[in-house]
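Biologist: Could you take me through this structure before I set anything up with it? I'd like to start with a single residue and work outwards.

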Amino acid sequence: MISLLQDTAVKNGWTSVQEFIEIVALSQVTPGPIAVNMATFVGFRQAGVFGALCATAGVCVPSFVFVLATLKFLSFFRSKGTERVFVGLRAGVTGLIASAAVSLASEELIFAGAPDILNSINWKAVFICISSFVAIQRFKVNPALVIGISALIGIIIF
Amino acid sequence: MREKLKLLITIYISFLKIGGLTIGGGYAMISIIQKEAVDNRHWLTDEEMTNFITIGQSLPGVVGINTATAVGKKTAGTFGAVAAALGMITPSIIIILIISLRFSQAREIVLLQKAFAGVRAAVAALIANAVIRIAKTAVKDVFGIALALFCFICVVFFDIMPPYVLAVCAVTSAVAPVLINFLHKKS
């Protein structure tokens, strides 16, 4: 998706490649779906608030169409076959999300290019990660609250 | 009519919260959406939530918007879908517009970076939590474990794009019973 956005934005002369990389970085750290953030950014630079709204609406429309059509389809054709497809997809998505957890953890908890194992572990991040996990899993703390508290802890310890 | 309007507003506000707390893409949102839609609001069961997350991840489009649309549609029809999607994008628009207007206030940016470093470490935990919860309804037998592992390995070690891996899972799962049946009859 990001590479597709890059193609569109750079080809049309809306941003330079360098600018685009900055936009991606910023979109990843600001709240909201990354694609929506990027579209808003590019749209705003190009045509102000109205451009931002148009670009955002643009990325939402396909989602809308695909999801509503799929739900409609499923309500008509609830069969053994579609159920089997879903069994496979559900299991696959579980693996997919697990892979996202692992790649994020390896980015955040380990320093790249450290000389040895002990020095490569980002202990502060490990502390936040493990205490967040225990808080949500064991003590059923609201994940939203965990995010807020982690932001505060981040400001204090990093 | 009033009831319906009230429900739509509740959906909008719920997804406003979810959108505002989604940091680092669609995966971070899963734990929060599970908590809000299943535990707090009782709009759907864990099982239905897993199905919608699956639909959201498998279809083209923005994962967050896909999932929001599905939950909104189930809860309050097409207007519910619109309310959910609008809620999801409102924080993005407001925050990006603010940043675009007054960008590069150096001190604020350093603070923000520290806050987000903390948040990203927590998001890894949030996603792990989502995996555990989804696995309970999504992975029910050895076949499921095999597919989940297959997906995980393909993406982590071989860098294969998720849509392809999911397509393989869907086809394998649909074909497997037919194949087993066929082999069974033959022997």
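**A working chat on the two chains**

Modeller: Let me begin with B:Ser92, which counts as buried because its relative accessibility is 0%. Please keep in mind that this is a predicted model.

Biologist: Where does B:Ser92 sit, and what does B:Ser92 touch?

Modeller: B:Ser92 is found in helix H4 of chain B, and, leaving aside residues up to four places away in sequence, B:Ser92 touches A:Pro31, A:Gly32, A:Pro33, A:Val36 and A:Asn37.

Biologist: And B:Ile93, is that buried or exposed?

Modeller: B:Ile93 has a relative accessible area of 12%, under the 20% cut-off, so B:Ile93 is buried. B:Ile93 lies in helix H4 of chain B, which runs over residues 63-101, and B:Ile93 touches A:Thr40, A:Leu53 and A:Thr56, again not counting residues up to four places away in sequence.

Biologist: How many residues does the contact take from each chain?

Modeller: The contact takes 84 residues from chain B and 69 residues from chain A. The area buried between chain B and chain A is about 6,800 Å², and carbon and sulfur atoms give 80% of that area.

Biologist: Which residues of chain B lose the most area to chain A?

Modeller: Those are B:Val62, B:Ile96 and B:Arg120, which together account for 8% of what the chain B side buries.

Biologist: What does chain B look like as a whole, in helices and strands?

Modeller: Chain B has 7 helices and 0 strands, so that is an α-α-α-α-α-α-α pattern when chain B is read along the sequence. The C-alpha trace of chain B spans about 70 × 50 × 25 Å along its principal axes, and 50% of the 187 residues of chain B count as buried. Among contacts in chain B between residues at least 6 apart in sequence, 59% join residues at least 24 apart.

Biologist: Changing topic, how many cavities of 30 Å³ or more are there?

Modeller: The count comes to 1 cavity of 30 Å³ or more, and the largest cavity has a volume of about 40 Å³.

Biologist: Which residues line the largest cavity?

Modeller: The lining of the largest cavity is made up of A:Asn142 and A:Ala144 together with B:Lys17, B:Ile32, B:Lys35, B:Glu36 and B:Asn40. Helix H2 of chain B, residues 26-40, gives the most to that lining, with 4 residues. By character, the lining residues divide into 2 nonpolar, 2 polar and 3 charged.

Biologist: How many disulfides does a search of the whole structure find?

Modeller: The search finds 0 disulfides over all chains. A:Cys54, for instance, is in no disulfide, and the nearest cysteine sulfur, that of A:Cys60, is 12 Å away. A disulfide needs two cysteine sulfur atoms within 2.5 Å, so a separation of 12 Å does not qualify.

Biologist: Why does A:Cys54 count as partly exposed?

Modeller: A:Cys54 counts as partly exposed because its relative accessibility is 43%, whereas A:Cys129 is buried, with a relative accessible area of 11%.

Biologist: One last residue: where is the place of A:Ser16?

Modeller: A:Ser16 is in the loop between helix H1 (2-11) and helix H2 (17-29) of chain A, and at 36% relative accessibility A:Ser16 counts as partly exposed. Measuring from C-alpha to C-alpha in the model, A:Ser16 and A:Gly154 are 32 Å apart in space, with their positions 138 residues apart in sequence as the separation.

Methods:
Residues are numbered from 1 along each chain as its sequence is written. Chains are lettered from A and ligands numbered from 1 in the order in which they are written. This is a predicted model: local features need pLDDT of at least 70, side-chain atom pairs count only at pLDDT 80 or more; totals for chains, interfaces and linings use all residues. Side-chain values use heavy atoms; hydrogens and water are left out. Buried means under 20% relative accessible area, exposed over 50%, partly exposed in between (1.4 Å probe, protein chains only). On a 1 Å grid over the protein atoms alone, a cavity is a set of points where a 1.4 Å probe fits but cannot get out, and a pocket is an open set with protein on both sides within 12 Å along at least five of seven lines; lining residues have an atom within 4 Å of a point. Grid points are joined across faces, edges and corners, and a volume is the space filled by probe spheres set on the points. Helices (H or I, at least four residues) and strands (E, at least two) are DSSP runs, numbered from the N terminus. Ala, Val, Leu, Ile, Met, Phe, Trp, Tyr, Cys and Pro count as nonpolar, Asp, Glu, Lys and Arg as charged, and the others, Gly among them, as polar. Contact means heavy atoms within 4.5 Å. Buried area is the accessible area (1.4 Å probe) that two parts lose on being put together, summed over both.
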